[in-house]
Amino acid sequence: MTDQATRIPQYQYLYETLRQDIIRGVFKAGDLLPSESVLQQQYRLTQPTIRQALSLLVQDGYIKKHQGKGSIVQAIPIGLGVMSLKTHAVHTDEKTTASEELPSELIRTAILVKPHLAPFPGELLFYPTNENPQVTYYCLERLRSVNNTPVFYEKLILPNRYLPNLVRQRLENRSFFDLLRTKYGLVVTGGEQKIQALAVEQPIADQLRVEPGQPVLRLEKRIDTNKSDFSFFSILFARTDQFLLQGRF
């Protein structure tokens, strides 16, 4: 085990190791992952730990478990934090075409406002508890697009702790949740979210390239991690006229 493994639970370390192998193409779609017994020997982990890591890979869409075959690698999903993007299902008189995961190379992430320290914004429905009112937070804004079509605009607000050199990290075209997990050992464990449909106002409409007044989704989240004093927040405006947002939380 490396120093990285000691910073996060063992099952999460194995999950991340296998996930990165899938992303790099060590295991391709249709391949079988090593069996549980082989993984036990290779990583010197217990069977429950192996199964917990594999369960996470199943939940995140990287593998499927097949009785009698093992863990079969799936096409890489587009990661949107705790969500992925899918096409809409198409219904006709003749047949129904199921929704499908989009190829990961289609999505692009642009950083509109780089991480900077600021007071906690007053526009959120959530508010941090047990914090000194004078504490500053890292705030950043990003826009994610598919085939040059904006899908969502997001503001992220994070406590100013456990994040050395955040302003120097490469954030374009990268999963922010993956960065927190691999660079800082901060693993998302759950949280709370509030969702509403609303008529979009001009500044957000411009970013999403829609007409002002068009309905969009507003998702606000408090996201908890493996550190009890580190929860962060997200405000996300999403257009779902072309794509579905799907995921777990």
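In this predicted model, Leu-198 stands opposite Val-216, a residue of strand E11. The two strands involved in this part of the structure, E10 and E11, run antiparallel and are joined by 11 bridges. On its other side, strand E11 is joined to strand E12 by eight bridges, and this pair also runs antiparallel. Within the second pairing, Leu-217 has Ala-238 of E12 as its bridge partner, and the two strands E11 and E12 form a hairpin in which five residues lie between them.

These pairings belong to an open sheet of six strands, arranged in the order E7-E8-E9-E12-E11-E10 with antiparallel pairing. Strand E7, which covers residues 107–118, and strand E10, which covers residues 188–199, stand at the edges of the sheet; each has a single partner strand, and therefore one side of each is left without a neighbour in the sheet. From one strand to the next, the twist averages 15°. Further along the order, E9 and E12 run antiparallel and are joined by six bridges, and Ile-157 stands opposite Phe-233 of E12. Helix H5, formed by residues 176–184, packs on the sheet and touches E8, E9, E10, E11 (residues 215–225) and E12, while its direction makes about 35° with that of E9.

The residue Ile-157 also appears in the description of the protein interior. The largest nonpolar core contains 18 residues, and Ile-157, Leu-208 and Phe-237 are those with the most contacts inside it. At least two residues of this core are supplied by each of four elements, namely strand E8 (137–146), strand E9 (149–159), helix H6 (202–208) and strand E12 (231–238). When neighbours within four places in sequence are left aside, the residues in contact with Ile-157 include Phe-120, Pro-121 and Leu-124, together with Tyr-137, Tyr-138 and Cys-139, and also Phe-232 and Phe-233. In soluble globular proteins, nonpolar side chains tend to be buried together.

A charged residue, Arg-239, was examined next, and the loop in which Arg-239 is found lies between E12 and strand E13 (243–247). Arg-239 has a relative accessible area of 11%, and because this is under 20%, the residue counts as buried. Among residues more than four places away in sequence, Arg-239 is in contact with Thr-149, Pro-150 and Val-151, and likewise with Leu-208, Arg-209 and Val-210. Its C-alpha atom is separated by 9.1 Å from that of Tyr-153, although the two residues are 86 residues apart along the chain. Two polar interactions of the Arg-239 side chain can be described: it reaches the backbone oxygen of Leu-208 at 2.9 Å, and it is joined to the side chain of Asp-241 by a polar contact of 2.8 Å.

Taken as a whole, the protein has six helices and 13 strands. Of its 249 residues, 43% count as buried, while the protein exposes about 13,500 Å², of which carbon and sulfur atoms supply 48%. Among the contacts with a separation of 6 or more, 60% are accounted for by residues 24 or more positions apart.

Key:
Residues are numbered from 1 along each chain as its sequence is written. This is a predicted model: local features need pLDDT of at least 70, side-chain atom pairs count only at pLDDT 80 or more; totals for chains, interfaces and linings use all residues. Side-chain values use heavy atoms; hydrogens and water are left out. A nonpolar core is a set of buried Ala, Val, Leu, Ile, Met, Phe, Trp, Tyr and Cys residues joined through side-chain atoms within 4.5 Å. Buried means under 20% relative accessible area, exposed over 50%, partly exposed in between (1.4 Å probe, protein chains only). Contact means heavy atoms within 4.5 Å. Two strands pair if DSSP finds at least two bridges between them. Axes are lines fitted to C-alpha atoms, for helices over the stretch in contact, and angles run from 0 to 180 degrees between N-to-C directions. Accessible areas come from the Shrake-Rupley method with a 1.4 Å probe; for residues, only the protein chains shown count as cover. A polar contact is a pair of N or O atoms within 3.5 Å; within protein, one must be able to donate a hydrogen and the other to accept it, and residues adjacent in sequence count only if both atoms are side-chain atoms.
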